[in-house]
Amino acid sequence: MAELGKENGAVSEPAVSPEAATAPGAAVSPETAIAQGAAVAGESTGASAVADAGAAQAESAGAEAGAGAAVGVASAEPAGAAPGAAEATAKTAAAGARGDVILEMIGIDKQFPGVKALDDVHLTLRKGTVHSLMGENGAGKSTLMKCLFGVYIEDRGEIRIDGRPVRFDNPRQALDNGVAMVHQELNQVLRRSVMENVWLGRLPKKYGFVSHKKMYDETKKIFDELEIKVDPRTIIGKLSVSQRQMVEIAKAVSYNAKILVLDEPTSSLTNQEVGHLFRIIGKLRAMGVGIIYISHKINEILQISDEVTIMRDGKWAATRLASDLTTDEIISLMVGRDLTHQFPENTNKPGEVLMEVRGLTGKYAPTCQDVSFKLREGEILGVAGLVGSRRTELLENIFGVATLGSGEVFLRGKRMDNRNSMRSIRNGFALLTEERRATGIFPLQGVQFNTVVANLRAYIARGLLSEKKMQTDTAGMIDSMHVKTPSQKTHIRYLSGGNQQKVIIGRWLLTEPDVLLLDEPTRGIDVGAKYEIYQLIIQLAGRGKGIVMVSSEMPELIGICDRIMVMSNGRLAGTLDMRNEQYENAQEEIMRLAAQYV
Amino acid sequence: MADARFDTQKLKDFFLNYSLYIILGLMIVVVIIINPAFLSVSNFINILRQASTRGILALGVAGMIVLAGTDLSAGRILGCSAAMTASLVQSVTYASRMYPGMEKDLPVVVPLAASIAIAVIFCLINGFGVAKLHLHAFIVSLGTQLIAFGVICIYIDSQKNGAQALSTFNGKFLNVVNGGFQIGSFTLPYLIIYFLIAAVCMWIVWNKTALGKNMFAMGGNMEAAAVSGVNITKNIMLIYLVAGVLYGIAAFLEAGRIGSVNTGTGLNYDLDAISGCVIGGVSFSGGVGTIPGACLGVIILQAITYSLTFLSVNPYLQFIIKGLIIILAVSIDVRKYLAKK
């Protein structure tokens, strides 16, 4: 808060400095601008206790000049010099009216054992705007939101809603005060119905008993409104992840919250579904809901946000207007340094055919159907497709954790019998699973345990495990992977997502595999760490390993893969040869193939 | 070809979904083949009568299992409450009754209320341990099991004439418990009616009240329940409270059914109740189970015991058979939820 004040003080010249980014101009929306007109301008100034840049200017320079200034920021024109001055005034006035501060988080501190998760963080959210929260994993975004939602209680600092200080001891109180949140982990009771999940904690009642009819009708109404095509009576565990995510969003909407927090809501949505979500967000914004949007996807952020706050290492780094930001700026603000390239260059030369897969079909539907392909030494083969295109099942069938129906896997021309994971590891395969938290890490075990666990046979000396050998190997892994950890014995759950992922990749490398199957290797990992993972993957390919990489992020597939297979509804729809062919628009080509059998 | 496969899948699903009923049916058929005399109304009434008290106990335990916990103390709590009931319903003409000052039969609600009160206190201790101290239900109920056993021993030992079984109950009490509706030549025991009422009430609690929904939510995904604004502590305590009431009723009835209460009363009833629930598809992973399932599980278990005795199978062998049936029934039941890859 003190820092914010200082910055505001510094902005004596309106319109020029990017620090004025917190100005309400963020909320400019042409429709309402004209409707509401300039009459509201007076109200918009100085409404909040913490006078932000825009308001401060308005007070000092007069409403009109201030308003002009705010627009100036947005359109990079000098204050007052805009030809359409009247229109500009109207716009900003409206923006100011919609931009009433609804939530302030001031000087929030939160300490966890051994980690300072939040250090003097502040955030100001305006009514009817989307405020994005960005930062690398472990930057403290989710922690900050959990403080707001009453899951954690901040050690220091103040949270104000509508200017009134609040302190929530539990999520219930937050919900009662108009704060709803869609959590990153889908917190759902999988074996209960959709509608029960939506109304959990506030089940509609009639004569003291739960009214299933009311519950159904209400759910249906919300779903219809949001165009979600899901039967409220379905058991939620039977839905796809993206459907579950939409249900979770509908649930948050059903609270009629004035502040809505979306923590990585698009992590498992297809592009189409993201468009759907954005329409919902648009509706809510028009209704005056203040939305905090957490995501790693920069293009989404730029598309949907009014303002962006960037956090770094548990600290506030910057708050800017989305329209003032570029992808590169966001990345450098998040990482704290410039990243000129998003992807390292892949200069490897694929060699001989390493693995061949013929007619792979899983036994239990839904699964992959009749997939055949070849993988060369030193090749990075991407696998693209929509959620539910059975990419994961393909990897699981190769690796033998899913039951194979028919098909064969050859390694260097020799048929491999990967009937279970033990055999496939011995045969030189490794699988990095998609759900790091659920099937990757052993959260309550140390980094060392997590490193050596897939390769214990290598450490047996005279019938017992050799502590020294395990230590040496783990140290080597930490070193070569640049894992940031206080010690080998630190529980892996204390590491950031990126560092956890590096440990898991390190685990598999110790088994000396020929073929690495990577399932969403960069999911939920921050930009800086992503780059390192890409480098790592390219290095591994450079050492002659074959890499199959499933990813939902097309840019990264296009960025580092030699070839990209596109799967559609369990089948192989086509392969893009990125090395030898020129694609005008590879993303579109991938999307076209991905929809081929849907 | 495709049709044939579809049919076998359907058949498989049918067997999975109705495995319990099929097992029960097969068992009865086998017993009848071995000894056709088994096929009589009185045998079935007996099985249900014997299953009734354990069934009511199991209805309470089932809630704990749905919460992804368990209750090892149910049997000893039942023992405590049964001892309390027994001491209050002893016939006033019985010379060595526990309370010689008792000159007149108490109204039956008094021992019932006392029985429920004691069970509720123990259950709330368990509930507090789970909800507030964040102990696993296994651990906290292991503790209360020992405490309850100590209490029952002290209570029974505190009699003027030393530790002896509490017996010789007054007629009014015995009639309330062991009486029945006379329908022609056949008697429908009240016990079965009580069991039925308890089951219906619990079905309503589980399916029609917020408490029931919250219970499934908490058992299925505690975190989801918490972030949805469910008051975890309150709801867990309420589930334990309901269980306490059920244990109290079961204890009251059990005292009358067996006619004499000693320190061993209730031993292993918890394990029977847990086995019954589990056979009936109440999953130990939490968040899954139905009241009809739990009831049926208890009845199946009782039917096994009864029919093995009826066929005069070696009692040691009976244990082995029961154990195998539990494993078989549950392994079939879990197949419903196994996701195949």
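Here are some notes on two chains of a predicted model, taking chain A, its contact with chain B, and one helix of chain B in turn.

1. Chain A overall. Chain A has 23 helices and 24 strands. Of its 598 residues, 51% are buried. Take the contacts in chain A between residues at least 6 apart in sequence, and 70% of them turn out to join residues at least 24 apart.

2. Strand 23 of chain A. I'd look at this one early on. Strand 23 covers residues 563-568, and 6 of its 6 residues are buried. Both faces are covered: A:R563, A:M565 and A:M567 sit on one side, with A:I564, A:V566 and A:S568 on the other. Note that the buried set includes an arginine, A:R563.

3. Its parallel neighbour. Strand 15 of chain A (residues 380-385) runs parallel to strand 23, and 5 bridges join the two. If you want a landmark for the register, A:G385 stands opposite A:M567 of strand 23.

4. Its antiparallel neighbour. Strand 24 of chain A (residues 571-577) pairs with strand 23 in the antiparallel sense, over 6 bridges. Here A:R563 comes up again, standing opposite A:D577 of strand 24. Strands 23 and 24 of chain A form a hairpin with 2 residues between them. The turn is worth a glance too: A:N569 has a positive phi of about 50°.

5. The contact between the chains. Chain A puts 24 residues into the contact and chain B puts in 21. On the chain A side, helix 8 (171-176) and strand 8 (209-210) each supply at least two residues. Helix 8 of chain A gives the most, with 3 residues. By class, the chain A side has 12 nonpolar, 5 polar and 7 charged residues.

6. Helix 6 of chain B. This helix takes in residues 137-157, 21 residues in total, and reaches 29 Å from its first C-alpha to its last. That is close to the 30 Å expected at 1.5 Å a residue.

7. What helix 6 of chain B buries. The buried residues are B:A137, B:V140, B:S141, B:T144, B:Q145, B:A148, B:F149, B:I152, B:Y155 and B:I156. The spacing in that list is worth reading against helix geometry. An α-helix has 3.6 residues a turn, so residues three or four places apart point the same way. As for what covers the buried residues of helix 6, the list includes helix 3 (41-66), helix 4 (74-88), helix 5 (109-131) and strand 1 (166-167), each of them in chain B.

Conventions
Residues numbered from 1 in each chain as written. Chains lettered and ligands numbered in written order. Predicted model: local features only at pLDDT ≥ 70, side-chain atom pairs only at ≥ 80, totals over all residues. Helix = DSSP H or I, 4+ residues; strand = E, 2+ residues; numbered from the N terminus. Expected span 1.5 Å × (residues − 1). Buried ≥ 20, exposed ≤ 12 C-beta atoms within 10 Å, placed from the backbone. Contact = placed C-beta atoms within 7 Å. Nonpolar A, V, L, I, M, F, W, Y, C, P; charged D, E, K, R; others polar. Pairing = 2+ DSSP bridges.
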